[in-house]
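Student: I should like a close look at a single part of this structure, with the terms defined as they arise. Please take me through one strand and its surroundings in a connected account.

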Amino acid sequence: MEKLIITCAITGAELSKDETPVLPVTPDEQARAARECVEAGASIIHLHVRDDQARPSQELAHFKRSVEAIRAACPDTPIIQFSTGGAVGEAMEKRIEPLSLKPEMGSFNTGTINFGDDIFVNSFPDMRGLAAGFKKYGVVPEFEIYDLGHLANLEKLIKEGLVTPPYHIQFVLGVPGAMQGDCFRDLAPLVQRLPQPSTWGVAGVGRFQLPLATVAIATGGHVRVGLEDNIYFSRGVLATGNAQLVSRVADLAKLYGRGIASIQEARQLLGL
Ligand code: KMH
Ligand code: ZN
């Protein structure tokens, strides 16, 4: 089995310190969180940024200052994956803009879903525009798949020649309004339908994070954890921070005998 790539989604766009006081929202907090996550075994940081009032932002200046802080804090800079999902309701032009800063990776959401009480819109015209942005700036996409139909959407983009292999897929399971996170019922059919050649990982939301991570470790997938997806360490007990969630995955991988990819090894595995 190839080594395990651990991604940490440290901040997200939908949470605030009201839900968990350890959510990193300033560049300094994000830099500290990124360093701790890298020390714990993460090689990719999935990055959302905030403005001075800690509101979700897609402004270039806010991405720049967080990236600079993370670079300064980490002796070995992790792969920084910008979110092009942003916060629910963000305009697609604003979501695409940060790609102009040419991060190593960016997230690419492959379909529309209910997102709690909201709707997270990713129409085909949106996705075509996004694909053009990735191509223009030479950014490697990670396809965020929330539902089985999103794999069909990705296949359509592949057929249209808008995205090229290898495909890096992140199954994001357990969002209220999309596919849930049962390992057999939900994850298995997704893995069976992967486009090739591809790598895959799984991000379980809330209580799904731990079982899905465990299954991915055992079956050759990669893992995303982090406060964006899950603020709890166990039932009713808040995580002390992102690094605690990363450490648990690293511990599980060690127990299982699966090596953990260094940042450089992750770059090689993903062809960055
Ligand atoms: N904030 C969610 C609605 C991504 O980063 O690409 C979307 C999201 C996905 O977080
Ligand atoms: Zn995100």
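Tutor: The account below begins with strand β12 and then turns to its surroundings and some further elements.

This is a predicted model, in which local features need pLDDT of at least 70, side-chain atom pairs count only at pLDDT 80 or more, and totals for chains, interfaces and linings use all residues. Residues are numbered from 1 along each chain as its sequence is written, and side-chain values use heavy atoms, with hydrogens and water left out.

Strand β12 covers residues 222-225; helices (H or I, at least four residues) and strands (E, at least two) are DSSP runs, numbered from the N terminus. His222 and Arg224 point one way from β12, while Val223 and Val225 point the other way, and all are buried. Buried means under 20% relative accessible area, exposed over 50% and partly exposed in between, with a 1.4 Å probe and protein chains only.

Strand β1 (residues 6-9) runs parallel to β12 and is joined to it by three bridges; two strands pair if DSSP finds at least two bridges between them. Within this pairing, Thr7 has Arg224 of β12 as its bridge partner. Strand β11 (residues 198-204) is also parallel to β12, again with three bridges, and here Ala203 stands opposite Arg224. From β11 the chain passes through helix α7 (residues 209-219) to β12 in a right-handed β-α-β crossover. A crossover is right-handed if, with the strands pointing away from the viewer, the path from the first strand over the helix to the second runs clockwise.

The cysteines deserve a separate remark. The structure holds zero disulfides, a disulfide being a pair of cysteine sulfur atoms within 2.5 Å. The sulfur of Cys8 has its closest cysteine sulfur in Cys37, at 3.6 Å, and this is too far for a bond. Cys8 is buried, with a relative accessible area of 0%, and Cys37 is likewise buried at 0%.

Another strand can be described in similar terms. In strand β9 (residues 140-145), five of the six residues are buried. Strand β6 (residues 105-109) pairs with β9 in the parallel sense over five bridges, and Ser107 has Glu142 of β9 as its bridge partner. Four bridges join β9 to strand β10 (residues 167-173), also in parallel, with Ile145 opposite Phe171 of β10. Together with helix α5 (residues 148-159), β9 and β10 make a right-handed β-α-β unit.

Methods
Chains are lettered from A and ligands numbered from 1 in the order in which they are written.
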